[in-house]
Amino acid sequence: VTSTCDEARALLPEHLLGTLEEEADEGVRRHLRGCASCRAEMAALGEGIATFARAAHDRPPPDGLKDRVMTVLGEEWREQPVAIPAAGGRARLAWAAAAAAAVLVAALAWGGVQTRRASVAAADAGSYRNLLEVLGGEEFRLGELSSEGPDRLEGSVVLYDSHVDQSWVVVLVRAPGMFGTATATLEADDGRSIEMRPLEFGETGSAATWWVGPNDLRAYDHVEIARPDGTLLAATAIVPA
Amino acid sequence: MRSREPESDAALMRAFSRRDVRAADTLFERFASRIYGLGIVMLGNEAAAQDLVQDTFVKVWRNAERYDTSRGRLETWVLLVARSLAIDSLRRRVLEARSLEATGRPHESDPAPGPDEVAATRDMTERARRAMGTLSGEQRAALELAYFGGKTSAEVAELEGIPLGTAKTRIRTALLRLREALEEHRDVDV
């Protein structure tokens, strides 16, 4: 058992290089969890390895290797389904809770669209906080979509951000007289974006879409709705509930 | 250039985990040369080195969600993934260990230097090489055996004919010295 800093530090290089026996390695991991100074030393050793790597084996890759790697990654991405947590235990509970919350929050948001959107959202801040406690996520954020003119559209966005489990976004819109599809994109200021499934408008002019994934959504702060040709229909910032 | 912020590493890996092509491109630009060089040094031929780069990026993607910024820099993590794969490959092929000197010569088929933006990287590499020059021969030998050969401290001790404690000290001191020397050279050059 690794109990002192001196003992742990003697083993840190091998821990980093992966040559420790399992029992000793577990002892180091346990010590590191509770010792900031040894974690700092491990970081310093890691920088030593990075320096060694630069000095000893930095060689320009040949032309064509990048294309090859990107092609293989593309194949890998097509073959591997989007990761979904294994059924069972905490993951299953989190999914069930997230699904229940999605329905509830979506209902609240839809009610807001039809009646007093802003006031309902504000009045339900307590509900969101309660849900948050149940789910264990970081925060709920809301957005209100509204545009006038020939493409009049209104709707709501509800985002649940969890840094440890699944995060999700629900978009509900109504655009009387609109048919066909529209895109819904969650965007961050740094240019990253997540495109949701297309909104498909029915005879009532209503449409909904959602996205669920293992992402930390802190950086994503607005949603845009656009026609398939890219014409912007509506956009909204999403702010804490 | 200072090391990148952990947050940017975390953001990059989150993007990569959700199959973002730009993130994959960034990772390739940042790490491919060192993974490829590692393959040349450890595996001894270009084809194996290229396979190592490919396998490393696939493995890094498959494990992207396990990357934890609190446990160290992304650079170290990716390099250790590559090294682990190279050692596995060596074990499978039961190849003889190759020394850095025997395989570290410039290869004729290396492409010409890239555009201006590689200058900063080259400068960093030069500093790293100068930092390497501050190690004693014994420290460097112990580190190469542990890093390239995947040897435990006990195996390094046996190969070098030194006590176990000395082998451990040489590897640890070498790594810490490299980091310190890089900082010193950075301060001098700034």
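I begin with a network of salt bridges in this predicted model. The network links A:Glu47, A:Arg54, A:Asp58, B:Arg34, B:Arg73, B:Glu75 and B:Arg179. Let us take two of its pairs in turn.

The first pair is A:Glu47 with B:Arg179, where the closest N and O atoms are 3.6 Å apart. This pair crosses between the chains, running from helix H3 of chain A to helix H9 of chain B. Is A:Glu47 buried or exposed? A:Glu47 has a relative accessibility of 17% and counts as buried, because the cut-off for buried is under 20%. Its partner B:Arg179, at 32%, counts as partly exposed.

The second pair is A:Arg54 with B:Glu75, and here the closest N and O atoms are 3.8 Å apart. This pair also runs between the chains, with A:Arg54 in helix H3 of chain A and B:Glu75 in helix H4 of chain B, residues 74-93. A:Arg54 is buried, with a relative accessible area of 11%. B:Glu75 is buried as well, with a value of 7%.

I now turn to the salt bridges as a whole. How many does a search of the whole structure find over all chains? The search finds 20. Across the interface of chain B and chain A, the rule finds 8. One salt bridge joins the side chains of B:Arg172 and A:Glu41, at 2.5 Å from N to O. B:Arg172 lies in helix H9 of chain B, residues 164-189, and A:Glu41 lies in helix H3 of chain A, residues 36-56, so the pair joins two chains. B:Arg172 is partly exposed, with a relative accessible area of 27%, whereas A:Glu41 is buried, with a relative accessible area of 10%. The side chains of A:Lys66 and B:Glu29 form a further salt bridge, at 2.6 Å from N to O.

Next, the interface itself. The size of an interface is often given as the accessible area lost when the parts come together. Chain B and chain A bury about 5,800 Å² between them, and 62% of this lies on carbon and sulfur atoms. Which three residues supply more of the area that chain B buries against chain A than any other three? They are B:Arg18, B:Arg19 and B:Arg172, which supply 11% of that area. B:Arg172 is thus a residue we have already met, in the salt bridge with A:Glu41. As for the residues that take part, the contact draws 68 from chain B and 52 from chain A.

From the interface I move to the nonpolar cores. In soluble globular proteins, nonpolar side chains tend to be buried together. The largest nonpolar core in this model has 81 residues, and those with the most contacts inside it are A:Leu73, B:Phe16, B:Val53 and B:Phe57. Which element gives the most to this core? Helix H2 of chain B, residues 21-43, does so, with 13 residues. Leaving aside residues up to four places away in sequence, A:Leu73 touches B:Phe16, B:Ala24, B:Phe57, B:Val58 and B:Trp61. There is also a second, separate core of 26 residues, which includes A:Met196, A:Leu199, A:Trp211 and A:Tyr220.

A:Trp211 leads us to the sheet of chain A. A:Trp211 belongs to strand E7 of chain A, where A:Val169 stands opposite it. Strand E3 of chain A, residues 167-174, pairs with E7 in the antiparallel sense over 8 bridges. What is the order of the strands in this open sheet? The 5 strands run E7-E3-E2-E1-E10, with antiparallel pairing. Strand E7, residues 206-213, and strand E10, residues 239-240, are the edge strands, each pairing on one side only.

Finally, I set out the two chains. Chain A contains 7 helices and 10 strands. Chain B has 9 helices and 0 strands, and its pattern along the sequence is α-α-α-α-α-α-α-α-α. Of the 241 residues in chain A, 48% are buried; for chain B, with 190 residues, the share is 47%. Chain A exposes about 11,700 Å², with 54% of it supplied by carbon and sulfur atoms. Chain B exposes about 9,700 Å², with carbon and sulfur atoms supplying 50%. Among contacts between residues at least 6 apart in sequence, 57% in chain A join residues at least 24 apart. In chain B, the corresponding share is 66%.

Definitions and conventions
Residues numbered from 1 in each chain as written. Chains lettered and ligands numbered in written order. Predicted model: local features only at pLDDT ≥ 70, side-chain atom pairs only at ≥ 80, totals over all residues. Heavy atoms only, no water. Helix = DSSP H or I, 4+ residues; strand = E, 2+ residues; numbered from the N terminus. Buried < 20%, exposed > 50% of the residue type's maximum accessible area, 1.4 Å probe, protein only. Contact = heavy atoms within 4.5 Å. Areas by Shrake-Rupley, 256 points an atom, 1.4 Å probe, with all protein chains shown as cover. Core = buried A, V, L, I, M, F, W, Y, C linked by side-chain atoms within 4.5 Å. Pairing = 2+ DSSP bridges. Buried area = accessible area lost by both parts, 1.4 Å probe. Salt bridge = Lys/Arg side-chain N within 4 Å of Asp/Glu carboxyl O.
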